Amino acid sequence: MVVTSGWWIDSIQVRYGDTWAPRHGGPGGTLKASLVLSPGESIVWVSIRYGWYVDGMTVRTSTGQILGSGYVTNSAVATPCVSFGQPRLLYIKGRSGAYLESITFVWASSGAPTPPPLGPSPPPPPPPPSPCAAGSDRESLSQGPYGLGPAGAQATFDDWKAWVASGKKPISEMMVISGGWIESIQVRYGDTWAPRRGGPGGTLKASLVLSPGESIVWVSIRYGRYVDGMTVRTSTGHTQIMGTEFVPNSAVATPCVSFGQPRLLYIKGISKTYLESITFVWASSGAPTPPPLAPTLDTAYEDYSDLLEELVNSLPPPSATAAAATAFERAGLEAPAARYCATLGASLDLLHNGLMPSLNRTLNASVGGTPARSRRAGLVEAAVPHCRTLQSLFPWLYQALGDGGLSTGCYRATFTSRSSDPSFTPRNPGLMLIPVANVGLLQLGRAVAGGLIQLSIDFCNGEVPGDWGQPYGSELFFAFSFANAFINGDDGGSGGSGGGGGGNAPPPANLWSTASPRPSPSLYDNGLR
């Protein structure tokens with residue numbers, strides 16, 4: 001397997017036995033990684049990070065060989081659970097143009113015993129955790145997408161908002177209506193119903209009602225151009241077939257976890273007349289309680305985003321946060337959305353005034369106070385764990401402020417063109433931010449984005465972008481764009497112009513991935529500003 005990459009994976013090429021498959025992707029890329037397997041050796045585990053394109057992946061073989069960084073941050077485990085033996089990668093498929101845009105891994109189970117003769121038998125128990133999941137007990141694990149989704153980005157849906165609006169309550173009911181394939185799906189989170197995803201057709205209705213404390217722990221799915229059907233199993237052993245009867249030739253859409261068992265949080269995908277594509281977002285339940293952390297901001301936490309959420313949730317609701325929520329409600333947002341925007345502002349404030357200065361001190365100590373221009377050899381080894389800590393903040397900012405803030409309606413954003421905006425320069429990618437409420441959210445977000453990039457340049461300007469404290473792909477584009485954005489309107493203080501209403505028009509799909517231009521790679525060259 002040969003992977004060539006730059007900002008993301010430019011191309012991939014695989015040899016099966018003595019036969020090379022065509023190179024999938026474009027001719028670009030400066031970093032080449034190759035994995036050569038010995039006779040009898042196979043690929044047994046893959047994790048992948050992706051957005052608009054495939055950013056990176058880690059591959060592990062049956063002998064322990066690793067291709068990739070060993071750990072790609074915020075990656076999803078792309079390895080299926082198997083009941084016997086271990087998984088074995090057969091081949092890949094996907095979509096490629098100038099880059100590797102999408103990839104699917106086709107697996108088989110090795111070492112499975114000969115199946116018993118066919119006959120009526122109860123459904124098998126949920127697959128037990130297996131070695132394929134080493135290190136996958138993350139807060140959330142995405143499995144999918146399953147289905148081609150021909151309607152494309154304009155027909156995407158995401159139940160994340162309904163799940164958050166419910167107070168992140170577990171799934172209490174799932175309803176599927178089908179015909180030749182699944183026409184629509186609708187999920188209730190606690191007492192909050194998400195919208196119906198799909199069309200009005202279908203004659204076969206299947207409903208799964210969960211009891212308090214019961215959760216969905218296993219899903220298999222059959223799909224092609226659309227989603228044909230799926231089988232769902234709960235923590236009490238209840239199994240429900242939804243869609244095509246018996247769901248033959250289905251794929252397991254359940255992630256492996258190292259502790260406890262997986263638990264389905266919510267769904268997202270593409271729907272129009274039918275359910276065209278679906279992704280399942282999981283969490284790992286039953287993970288052992290970690291040892292208590294010392295109560296100091298200078299501790300090198302592996303993931304500051306967890307600490308940030310913990311600290312924000314532990315704070316009493318200050319009057320400033322309540323006032324911000326009221327301001328967003330007056331601007332036209334519903335109460336759950338207004339609370340999200342206000343909490344986002346409190347999180348950014350805590351990050352900017354608490355965690356970032358602390359991380360600055362920690363990073364400065366790790367390099368002995370040596371300025372970046374004097375560290376020509378690259379990244380200081382003692383700074384690596386702290387740079388990885390810094391890197392965990394970029395996806396948090398991208399998801400919470402970029403995707404979450406924009407889709408919730410906390411602000412509006414648009415990119416201007418070079419010809420129409422005289423302020424457009426190489427250092428200004430032309431992002432215009434429009435406040436919804438005058439609470440200082442955008443100024444704070446801009447300061448955080450710029451501060452994170454500056455920390456990364458000052459202390460983490462080594463030679464491996466994306467693994468040593470440097471954002472890349474969509475996260476780099478978002479942080480760079482937001483840090484250099486123009487705020488059109490009064491974002492704080494009394495009164496204001498251009499604030500507008502509460503984001504009635506939906507934001508552009510994939511705004512942070514599809515817009516251009518992206519920053520030059522020289523941004524992270526050693527010693528450059």
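Is Thr254 buried or exposed? I put this to a predicted model, and at 2% relative accessibility I entered Thr254 as buried, because the limit for that class is under 20%.

**Thr254 and its surroundings.** I then looked up where the residue sits, and found Thr254 in the loop between strand 23 (251-252) and strand 24. I noted that its side chain reaches the backbone nitrogen of Val219 at 2.8 Å. Setting aside neighbours within four places in sequence, I listed the contacts of Thr254 as Cys81, Gln143, Val217, Trp218, Val219, Pro262 and Trp282.

**The sheet.** From the loop I went on to strand 24, which belongs to an open sheet of four strands in the order 13-25-24-14, paired antiparallel. I marked strand 13 (141-146) and strand 14 (156-158) as the edges, since each has a single partner strand and so keeps one side without a neighbour in the sheet. On average, neighbouring strands here are turned by 20° against each other, direction ignored. For the pair formed by strand 24 (residues 261-271) and strand 25 (residues 275-285), which run antiparallel, I recorded 10 bridges. I also wrote down that Gly269 stands opposite Ile278 in strand 25.

**A helix pair.** Last, I looked up helix 4 (residues 335-366) and helix 5 (residues 384-408), which pack at an angle of about 165° with their axes 11 Å apart. Angles over 145 degrees count as roughly antiparallel, and I therefore entered helix 4 and helix 5 as roughly antiparallel to each other. The crossing of helix 4 and helix 5 I noted as left-handed.

How values were computed. Residues numbered from 1 in each chain as written. Predicted model: local features only at pLDDT ≥ 70, side-chain atom pairs only at ≥ 80, totals over all residues. Heavy atoms only, no water. Pairing = 2+ DSSP bridges. Helix = DSSP H or I, 4+ residues; strand = E, 2+ residues; numbered from the N terminus. Axes fitted to C-alpha atoms, helices over the stretch in contact; angles between N-to-C directions. Buried < 20%, exposed > 50% of the residue type's maximum accessible area, 1.4 Å probe, protein only. Polar contact = N/O pair within 3.5 Å; in protein donor to acceptor, adjacent residues only side chain to side chain. Contact = heavy atoms within 4.5 Å. Parallel < 35°, antiparallel > 145°, perpendicular 65-115°, else oblique. Left-handed = near helix turned anticlockwise from the far one by under 90°.
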